[in-house]
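Open your viewer, switch to a cartoon view and colour by chain. We will take a short walk from one selection to the next.

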Amino acid sequence: MSDLELQQATAVSAASHAPARRRGRMPRIGTVLAAAFVVFLLAATVAPELVATQDPNEIAPGDAFQSPSLAHWFGTDESGRDVYSRVVAGTATSLLIGVTATAIGLALGLGLGVLASFGGRIADFSVNRLVEVLFAFPGLLLALLVIVVYGPGPVTATVAVGLSTAPGYARIIRGQLVAIRSSQYVEAARVLGRSPARIISRHVLPNALLPIFVLATLGIGQAIVWAAALSYLGLGAQPPAAEWGAMLAAGRTYLATAWWMTVFPGLMIVGTTIATTVLGRALTRRGRGER
Amino acid sequence: PEASGEPVSGGTLAYASGDAEPTCLDPHVGGNYPQALLAGQFLESLVSRDDSGEIIPWLAESWTAADDGLSWEFTLRDDVAFTDGTPLDAEAVKANVEHLKDPATQSSTGYLALGKVDRVEVVDEQVARFVMSSPDSALLESLTQPWVAIESPAGLARGMDENCQAPIGTGPFIVDEWVKQDHVSLVRNDDYTSPPADAAHDGPAYLEAIDWRFVPDSASRYAALQAGQVDVIDNPQPDTISAAKSNDSLAWLDAPRPGAANRIELNSGQAPFDDERVREAFIRAVEVDEGIDALFFGTAERSFSPLSSVEALAYSDEALFEPDLDRANALLDEAGWTERDADGYRVKDGARLTLRFPVSTNQSIPAEQSLFEQVQATAKAAGFDVVIELLDLSSWYGALAEHEYEIVSAPYTKVGPDVLRILYHSDSITPAPSGYFANLAQLDDPEVDSLLTDAASTSDADTRADLYERAQQLILEGYYLLPLYDQQNSFLLSTSVQGARAMPTVSTPTFYDAWLAD
Amino acid sequence: MTPGSPTDERRSIRGATLRRAGLLVAGAVFVLWAVATLTFFAIRLIPGDPAQAILGGPGSQASQEALDQVRRDYGLDQPLIAQYFAMLGRLLTGDLGVSYALKLPVADLLGAQLGGTLLLAALALMLAWILALGLAIWSTGRGRVASALGEGVEITAAALPHFWLAAVLIAVFSVGLGWLPPVATGTLAGFVLPVVTLAVPLAGFLAQVMRESLLDAMQQPFVVSARARGESALGVRARHTIRHASLPAISLSGWALGWLLSGAVVVETIFAMPGLGRTLLQAVTLRDIPVVTGVVLLVALVYVLMTVLTDLAARIADPRLRQEAGR
Amino acid sequence: MNTEEAPVLDVSRLRVAFDGIEVVHGVDLTISPGECVAIVGESGSGKSVTARALLGLAGAHSQATAERLHIDGLDLRAAGEREWRAVRGRRAGLILQDALGSLDPLRTVGREIDDPLRIHLRLSAAERSARVLELLADVGMPDPAFAVGRRSGELSGGLRQRALIAAAIALDPPLLIADEPTTALDVTVQARILALLDEIRGRGTGVLLISHDLAVVSRMADRILVMREGRIIEQGPTRTVLESPQEDYTKALIAAVPAQSPRGARLSMTPEQPAIIATTAVPTPPAAASAAEAAPLLELAHLTKTFAVPGGRFTAVDDVSLSLRRGETLGLVGESGSGKTTVARLALALTAPDRGTVRFDGGQWSELAERDRRPKRHRIGAIYQDPLASFDPRWKVGRLIADAANGAATNGAARPDAARPVVAELLEQVGLAASVADRRPLTLSGGQRQRVAIARALAASPELLICDEPVSALDVTIQAQILDLLDELQRQRGLALLFISHDLGVVAHMADRVAVMQAGRVVESGAADEVFARPEHPYTARLVADSPRLPR
Ligand SMILES: Nc1ncnc2c1ncn2[C@@H]1O[C@H](COP(=O)(O)OP(=O)(O)OP(=O)(O)O)[C@@H](O)[C@H]1O
Ligand SMILES: Nc1ncnc2c1ncn2[C@@H]1O[C@H](COP(=O)(O)OP(=O)(O)OP(=O)(O)O)[C@@H](O)[C@H]1O
Ligand SMILES: [Mg+2]
Ligand SMILES: [Mg+2]
């Protein structure tokens, strides 16, 4: 065996050593299922009329409270609307709420994080204090305040949930950026004479983005759940918008009579969270060079 | 429910209320239904009403009106004392009316009820004379209400803060303790002597105490009843009523509130509903019967009257509300709403036929909100774009004050048909400084005005009935409102609770005659 | 680090601790001031007239005189900045003002509610911790199935909305089995369902975090070292890995408390418990500004105290942090 | 040595597989009481796996089988968890490879040492703590009473290793397995730890000593086993193996010990590998002589650097002056914490000195504004101990090198494809196949990574290369290859090298001149052979004495 081959052989074993620590966490079939679910969600978002079996807003009071059947896969609600079709129709709204709220939180968090980690000591100090102050307003409380000021509704709810997640993101992102900024590969780039702008755009941000993205996948489901809590308090999405949280909140009234009214929208929320989380983890593994 | 068996004394009744927790237990202050619910247990009014709508004695054993209707004399019972020992006398009545009319009391409902009472004079110890600024045919009905109940003058003198915590009355129970956001403890008034004339027994109540809890979540409330944790709940969900009906250990007490029916009002003060054709089109387009059946599980009766079915003078006209999509479309075409946009909504001069519909999540139960969604869906067929906005109470009032609505549903409880004057007299369009006004349909018709004014001041019962009928006809035929059903007011009781009933006044439950059977 | 005698080192650590404490207190005061200021000005954005809210809300039909009277009584006719300093002045003396709706001193009102909510949150936090630790420990290091199952349970738990979970728990344990009361009446049994409702989603979160650090800790050489000394698998967990797994979760506890207080708004409503969350919701609906401000401040205070506590707990659990104080 | 006594360890045909892939293919091993047996071999040869398997701790997903496995006379082939636990710590102590991570950072050293006593004996708490103090004293821990309350983070590497040994010998087990007990330690500390192990062996304990470094074990071992790819390929008494190695691999291991070989001699014994540079380069003679007159390329004058610490400032570098000419190698040695890395960072202008100046190629360097320095930065390259950390984790090898190459010319982005031939050439220069360009550094071996790091440094065509511990993380054979490579490159390109290492042998082999640092000061400097042959400063003398070398 030549020296080179030998090195490659050891390299292979070294490489297989590293992922061995992470491998077997989540079976890869999970990733596939998660991807399939996300594809379904996307289809339901882009072309709900193709995925749905009926008009989500068509009422038929005579058909109210029918349990799941071949005609109504997920049963019907209190107005005789098809729960499956409403779940499909609600995908866009719910994802929009989840994604937008998370995006707002992340964007704010990113802005604050970048400011704190690159803006010098004074900026860092100020941002840290600001984040602490924001933290002192727990999520729903902040949301309630925003709603008091701007009135209830899906937009306010989304903004409120987004705002309330921002300090958390800011803190994590700042930590991430500081770690990357003081990493040896950034130092190596400095040694090569790279300008700060180039270091930030080539090294810092790209490396920070992946973990932030993973964070976002966790955030989407949470945002939907909090928006649902606002719906329960009567401060969320407005009818007849089929939004999962609102459906869950509305169906809860009939839990004893019609379990399917909450279980299916609930499953969608849980499913979305699981799917995005699983995909997020798979992505991290790939980012780390693992399989 | 029918009482059965011998009453037994003792025990604590647990009541779970879904109404908002009052901010003040004195119903003179403000004056809303949650306050009435509680006040009914420890405060009493001068007069009451029986099942047939007849006024009957309570704290006042008799009364006479002057022929011109400008003064009333009430003779009080002489054996009644407040629970702080203060005797009930004409002075006390005078003090109460003055309290209600004092702006510092911030009374709203009671203040309106006594709107035509100028002052009270003490004729002798047991006789109080109400001096009127103008005749008021509704005075007796108004006086039955808990919002004008008589409290101990000594209690009132303590000042609002203290009085709000535990008002002192003559009722069968006494406020013992109010733990905010949790419960109010009521204990028996052992010296009780003043049941209304239609009560089933004399003397103190059978129950030793009432534990009055605030349980805002309807599912939790019903669960608590099922689990035997509480004995009575109010505001049950329609589906749970229907489930309770088939449950041997639960009983349903259906007590629609008096005054107005639940209805959707059409804002005729601005476009597009300033056009009667558009109003009719909306009413013809909307279908609610099936929805009411499904959503209320047969517990709510469709109404075709502006007044509650409890009111003897309620006038119905079913034909006006026959759904007729073709007619609706024709009317809209006629009114110039001829085009439709891509979403199928009608447009005129580039503006969509949009109906803003603020809905108060505090005042409309989920079933009603669902019904509104169905209204939204059926109105769409005719090309109406109904935009429902779920709002908390303050925002909802705000939207009304700003006239940011085309349709709205607001409950109004008052004993007697005089509620029509509050809701549909053009005077009620003028807002109070707070911006609130009761005439949400913004009905401004001199003929209706004069009918309602006359009805309120006539002393002849038949004339009064006739005037109210004509007023109701005009209101209905003008398509100012879509009546839905009586103001739902239900209670579910465990069958161990015997002898409980709702007062025929504002339908609050009374537990004076109630006992706990094992 | 400069080499020095142990006592030197200790002294410098103590000095650093004092400085840290000073910083913490200053930080806490700053946060409270900022929260008070932010809330004060944010609330001015609320549409509607405070005097109106005082007179029974917009539904009432208050007269102009009454409105004017109230404005004078509550100092609402003063310039904004004067009102602001007046508020700060009152805050310094612990006076949170008077509730518009209940006409009671806010401090008294909230004082009565705080205990219940804190107890609820504390119990929920504890239960969440126990559940999370249990789940993380049970499901890590036992192969794929257990770990996938564990992860699934965690994610699902974290995605359960409180109001739904509460309804299911009530349906099963109160109505179905009749074990626990659906309405919390201040008894111990009444606390069980609310605490579980609050704890389960949080436990899902914490378990996710704990699993990560547990896995990391289990890969550390000191684990093999411990086993090489004859430690049992259980002993390794009890003496080594649990602590490591707890560290990130400890530092998350401040955040978790905020999360629990948010959840309390819903849980207190469902289980009809008196508490800050429900008070806040009611105050928001009634535009009872002093109460809203009071709750916000109180929560901020609790959060600040919690931060200090978690900081302390983290230091106790992780001596490395104590050393860093000396860096 | 008495092999007649019943052996404390007796295994034959030990096989270990992970997920069905066998990594140890039938190892036979016996150790008698008081005997020290050493296993040497390159990284990944299976030494640690063997050691752990002996205590049933090969790890998750592992299957270990043996025809015989006796420890202290106990048959452990069918042992269950309970039997194993009775053996671990009591009959056999294990010191794991990773000394820094083998103590729980959250627990005090005292409790860690107390563990085996608590687990295996029924002693009162007081008896146990007395015994712990005794043990700490036995392993030569200064101030045991203070040490018991420390946690690993508060102790230096040497003290940690002592604590670990104390825990392993707490019950005086007849067998002690020590896996790389001295890697990552300073030479002086290393010498003390080896002496300690020798003492333990002297008390009759059988010791299995594992290392990749023949020089280290040669002092202690009675017998040496050479392991490669999971097999014992050669074994015998220490002297025999060292003096007349049979296998090429063993010979390579011996040759790779740098202290033995003079400056310029090849260390790696891999004749079949194409001599990387030899074919292309015109060998230049060692630079020192010819460059003696030339102006210095790098000049450090009176550098002082302090860091803020609680209660004052800590002086990490104290009035250091050094100079380096083109084509010359300056070695910088000193124990951990002596300020070597700080000097390197000052030279790289990654941090500014408190006092003193750095001049480069006759011009200002440390005093330049960063903006003005940036265009010249490519003239100084750097290689670190941990190359992986210096690579952007998202980038593949090709991009890493291309980026450095492009930047040198334009400081902008040229198209990566255009750089492919350049990358291939650079990879070839450091002895890597062009295909490596498409791999992620994470999937490369340590030696390959360091080659990539060198290729990247070369890409910017530096005149000076600053190497901070470039081989400390590599095992001897790979280390030898990297040292050879650096040597060749220096000749070919006329590079100046600032070579930092705590390993005297490595510096002695590489450097023309050396500077010895202690506590931030340069205590001695001069021509390398001079300094090592006749150290003047006592500190240098101690370093030289402690430095492991093969007995000759
Ligand atoms: N837990 C594991 N799972 C899979 N493979 C493993 C595991 N542990 C070790 N290996 C593999 O077994 C082989 C031998 O590893 P081992 O750690 O024994 O080498 P070593 O000789 O101790 O090397 P070093 O000198 O680097 O410590 C390597 O190829 C390694 O990748
Ligand atoms: N940024 C810093 N802040 C505080 N102290 C520091 C900093 N950098 C280095 N030091 C201290 O300066 C001293 C010298 O550190 P340096 O890294 O230069 O040592 P070294 O000789 O490279 O050691 P090693 O061989 O362990 O790498 C050490 O005591 C270190 O703790
Ligand atoms: Mg090893
Ligand atoms: Mg260093």
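Start by selecting residues 118-138 of chain C: this span is 100% helix and 0% strand, and its end C-alpha atoms are 29 Å apart. Keep in mind as you go that this is a predicted model. The span is one of those that UniProt, in an unreviewed entry, lists as "transmembrane region" in chain C; the full list is 21-43, 118-138, 159-180, 186-209, 247-271 and 291-314.

Stay in chain C and move to residues 247-271, another span on that list. Here the chain is 92% helix and 0% strand, with 33 Å between the end C-alpha atoms.

**Next stop: chain A**

Now select chain A. An unreviewed UniProt entry gives the feature "transmembrane region" at residues 29-47, 95-118, 130-149, 155-173, 208-234 and 254-279 of this chain. Pick two of them to look at in turn. Residues 95-118 of chain A are 100% helix and 0% strand, and the C-alpha atoms at the two ends lie 33 Å apart. Residues 130-149 of chain A are 85% helix and 0% strand, with the end C-alpha atoms 21 Å apart.

**Where chains A and C meet**

Show chains A and C together. Five pairs of chains touch in this model, and the pair with the most contacts is A and C. How many residues does each chain bring to the contact? Chain C gives 52 residues and chain A gives 43 residues. Together they bury about 4300 Å², with carbon and sulfur atoms giving 73% of that area. To see a part of this, show Ile155(C), Phe163(C) and Tyr303(C) as sticks: these residues supply 15% of the area that chain C buries against chain A, more than any other three residues.

Look for polar links next. There are zero salt bridges between chain C and chain A, and two residue pairs are in polar contact, both at pLDDT 80 or more.

Which elements of chain C give two or more residues to the side that touches chain A? Select helix H1 (6-44), helix H6 (144-158), helix H7 (162-176), helix H8 (188-219), helix H11 (253-270), helix H12 (276-286) and helix H13 (289-317) of chain C. H11(C) contributes the largest share, ten residues. Colour this side of chain C by residue type and you will find 35 nonpolar, eleven polar and six charged residues.

**Ligand 1**

Zoom to ligand 1. Residues from both chain A and chain D surround this ligand, so the site is shared between chains. Of the 14 residues around ligand 1, those that come nearest are Ser43(D), Gly44(D), Ser48(D), Val49(D) and Gln97(D).

Then trace three distances, each to an oxygen atom of the ligand:

- The side chain of Ser43(D) has an N or O atom 2.4 Å from an oxygen atom of ligand 1.
- The side chain of Lys47(D) has an N or O atom 2.9 Å from an oxygen atom of ligand 1.
- A polar backbone atom of Ser45(D) is 3.2 Å from an oxygen atom of ligand 1.

**Ligand 2**

Move on to ligand 2. Around it, select Phe307(D), Phe314(D), Ala316(D), Glu335(D), Ser336(D), Gly337(D), Ser338(D), Gly339(D), Lys340(D), Thr341(D), Thr342(D) and Glu469(D). Thr342(D) places a side-chain N or O atom 2.6 Å from an oxygen atom of ligand 2. From the backbone, a polar atom of Lys340(D) is 2.9 Å from an oxygen atom of the ligand, and an N or O atom of Gly339(D) lies 3.0 Å from one.

**Last stop: chain B**

Show chains B and D for a moment: they do not touch, and their nearest C-alpha atoms are 46 Å apart.

Now hide chain D and look at two backbone details. Most residues other than glycine have a negative phi, and most peptide bonds are trans. Between Ala271(B) and Pro272(B), however, there is a cis peptide bond, with omega about 0°. Pro272(B) sits in the loop between strand E13 (262-266) and helix H9 (276-285) of chain B.

Finally, centre on Gln442(B), which is not a glycine yet has a positive phi of about 50°. You will find Gln442(B) in the loop between helix H14 (419-424) and helix H15 (446-457) of chain B.

Terms used. Residues are numbered from 1 along each chain as its sequence is written. Chains are lettered from A and ligands numbered from 1 in the order in which they are written. This is a predicted model: local features need pLDDT of at least 70, side-chain atom pairs count only at pLDDT 80 or more; totals for chains, interfaces and linings use all residues. Side-chain values use heavy atoms; hydrogens and water are left out. Contact means heavy atoms within 4.5 Å. Buried area is the accessible area (1.4 Å probe) that two parts lose on being put together, summed over both. A salt bridge is a side-chain nitrogen of Lys or Arg within 4 Å of a carboxyl oxygen of Asp or Glu. A polar contact is a pair of N or O atoms within 3.5 Å; within protein, one must be able to donate a hydrogen and the other to accept it, and residues adjacent in sequence count only if both atoms are side-chain atoms. Helices (H or I, at least four residues) and strands (E, at least two) are DSSP runs, numbered from the N terminus. Ala, Val, Leu, Ile, Met, Phe, Trp, Tyr, Cys and Pro count as nonpolar, Asp, Glu, Lys and Arg as charged, and the others, Gly among them, as polar. UniProt positions are given in the numbering used here, feature names are shortened, and annotations may be inferred rather than shown by experiment. A residue is near a molecule or strand if one of its heavy atoms lies within 4 Å of it.
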